[in-house]
Amino acid sequence: MTRTKTASKNGWILGGLALSTRVVLAPMAGYTDLPFRRLVRSFGGVGLAFSEMVNPDSILRGRSRKSAALVATAPDDRPLGWQIYGTHPDLLAEAAQWFEARGAELIDVNMGCPQKKICSRGGGAALMKKPDLAVALARRVVESVKIPVTVKLRLGWDAPDVAVELARGLEGAGAAALTVHGRTRAQRFAGEVDLDGIRQVVEAVRIPVIANGDVFTLAAAREMFRSTGCAAIMIGRHAFSEPWFLRDVERDLVGEPPLPPPTFAERLVMMRRLYADHLALYGERFGVALFRRWIPRFVKGMGAPRPLMIAFLQAATPAEWEAHMGELERWTETVVRA
Ligand SMILES: Cc1cc2nc3c(=O)[nH]c(=O)nc-3n(C[C@H](O)[C@H](O)[C@H](O)COP(=O)(O)O)c2cc1C
C-alpha cells in the first residue's frame with residue numbers, strides 16, 4: 001500500500017491512500033479484532049478494514065491487556081482505519097495523534113453507533129442530533145493529524161433527514177471520505193436499507209462515500225454500487241458466516257465467478273489459525289473464552305451436530321479446546337468419507 005495519486009485498475013484513492021479494491025471490512029465491536037481481520041484478509045479482496053471502535057480513554061489512560069489487544073495490529077493487517085468514538089474534541093484529537101505516532105494510516109470517527117450506552121453520553125449516532133458539534137469534532141481531529149480522517153454515519157437519528165447536510169459539513173471540515181450505513185439510529189438493524197438515502201449523500205459531496213448495510217449476497221453488492229453510485233461498499237455481518245465473502249465480491253466486481261467455499265479441511269485450518277491468534281493476543285484463559293464467539297459459526301457452517309457444538313462451547317482450557325477440536329475433525333472425516 002502506497003501513498004499516491006493513482007490507484008490500480010480496480011482500486012481507488014482515499015485521502016491519498018491507494019486502496020486496491022472497493023470492498024471494505026466494517027468496524028464491529030467485539031469482533032473485528034486483529035485475529036478476525038487477519039482471517040478475512042487471508043482470502044484477499046479487502047481494500048480496507050476498520051478496527052473495532054476504540055474509546056480514547058482506554059488507550060490514552062488504560063493499561064489493561066484488553067486495551068492493548070484492542071489496538072494490536074501487524075504488517076499483514078494493512079490498510080487499516082482506526083475507529084474512535086466520543087464527544088470530546090481534544091480527547092479524540094489526542095487519540096488520533098496517539099494512533100498516528102504508532103504508524104496509523106487512517107482514522108475514522110464513529111457517528112453511527114446506535115447503542116444506548118454510547119448515545120446516552122452524546123456519542124455515536126447521537127452526534128447526528130448535534131451536527132455543529134459533529135462537524136467541529138471532525139474538524140478538530142482532521143487538524144490534529146496528517147493522515148486522512150473519515151467519518152461513519154447513519155442517515156439520521158429518527159428520520160433520514162440529517163445525513164446530506166451533515167455530510168456537506170464533514171466534507172467542509174476536511175473529512176477524506178464518509179461511510180454511510182443506510183438506516184437511521186431508530187431503525188438500529190431493522191427495516192430495509194435506504195439506498196436512495198445513501199445516493200443522496202453520494203451526490204451531495206465530492207469526497208468518496210462508502211455505502212453500507214445488508215450486503216449479504218453478490219447481487220446486493222452489485223445493487224449497492226448501481227443504485228448509490230458509491231466509491232466502495234462496506235461489509236459487516238456477512239463476513240462472520242463467510243469470511244471469504246469480501247474476496248468473492250471483489251471477484252464479482254472484476255467479472256470473475258466466486259471461488260468455491262472452503263472445504264471442511266480448509267475450514268479446520270482457518271479455525272486453528274484464528275484460535276492460535278486468539279491465544280497469542282489474549283492469552284490462554286481469555287483467548288479460549290473469547291474464541292467461543294466463533295464456534296457456532298464454524299460448527300453450524302459445516303453442519304456438524306448440535307451436541308458437538310454445545311460441548312465445544314464448554315471448553316475452558318487449551319487442553320479441552322484441543323479435545324473438542326479433535327472431535328470436530330473426526331466428525332468431518334466421517335462426513336467426507338460417507
Ligand atoms: C456486532 C456488531 C458490532 C458493531 N460495531 C460497530 C463499531 O464498533 N463501529 C461502527 O461504526 N459500526 C459498528 N457496527 C455496525 C457495522 O459497522 C455496520 O455498519 C452494520 O453492521 C451494517 O452493515 P452489515 O449489514 O454489512 O452488517 C457493528 C455491527 C455489529 C453487528
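A polar contact is a pair of N or O atoms within 3.5 Å. The exercises below use a predicted model.

**Exercise 1. The ligand site**

Task: Find which residues surround the ligand, and decide whether the pair between lysine 152 and the ligand is a polar contact.

Solution:
1. Start with the neighbours. The ligand is surrounded by 17 residues. The closest are Ala29, Gln83, Asn212, Asp214 and Arg237.
2. Go to lysine 152. An N or O atom in its side chain is 2.8 Å from an oxygen atom of the ligand. The cut-off is 3.5 Å, so this pair is a polar contact.
3. Add asparagine 110. One of its polar side-chain atoms lies 3.3 Å from a nitrogen atom of the ligand.
4. Add methionine 53. Here a backbone N or O atom lies 3.3 Å from a ligand oxygen atom.
5. Check the cover. On its own the ligand has 610 Å² of accessible area, and the protein covers 89% of that.
6. Place the site. The ligand takes up the space of the largest pocket.

**Exercise 2. Backbone exceptions**

Task: Where are arginine 188 and aspartate 214, and are they buried, partly exposed or exposed?

Solution:
1. Recall the background. Most residues other than glycine have a negative phi, and most peptide bonds are trans.
2. Take aspartate 214. Its phi is positive, near 60°. It sits in the loop between strand S9 (209–212) and H9. Its relative accessibility is 26%, so aspartate 214 counts as partly exposed. Aspartate 214 is also among the residues closest to the ligand.
3. Take arginine 188. Its phi is positive too, near 50°. Its loop runs between strand S8 (177–181) and helix H8 (195–204). Arginine 188 is partly exposed because its relative accessible area is 35%.
4. Now the peptide bond. Arginine 78 and proline 79 are joined by a cis peptide bond, with omega about -10°. Proline 79 belongs to the loop between helix H3 (65–70) and strand S5 (80–84).

**Exercise 3. Two helices**

Task: Compare the span of helix H12 with its expected span, then classify threonine 228 in helix H9 as buried or exposed.

Solution:
1. Helix H12 covers residues 264–282, 19 residues in total. From first C-alpha to last it reaches 26 Å, close to the expected 27 Å.
2. Buried residues in H12 include Leu268, Met271, Tyr275 and His278.
3. Look past the end. Just after H12, glycine 283 has a positive phi of about 85°.
4. Move to H9 (residues 218–228), which holds threonine 228. Its relative accessibility is 2%, so threonine 228 is buried.
5. Finish with a distance. Threonine 228 and alanine 163 are 65 residues apart along the chain, and their C-alpha atoms are separated by 14 Å.

Conventions. Residues numbered from 1 in each chain as written. Predicted model: local features only at pLDDT ≥ 70, side-chain atom pairs only at ≥ 80, totals over all residues. Heavy atoms only, no water. Helix = DSSP H or I, 4+ residues; strand = E, 2+ residues; numbered from the N terminus. Expected span 1.5 Å × (residues − 1). Buried < 20%, exposed > 50% of the residue type's maximum accessible area, 1.4 Å probe, protein only. Near = heavy atom within 4 Å. Polar contact = N/O pair within 3.5 Å; in protein donor to acceptor, adjacent residues only side chain to side chain. Areas by Shrake-Rupley, 256 points an atom, 1.4 Å probe, with all protein chains shown as cover. 1 Å grid on protein atoms, 1.4 Å probe; cavity = no way out; pocket = protein on both sides within 12 Å on 5 of 7 lines; lining within 4 Å. Sits in = over half its atoms within 2 Å of the grid points.
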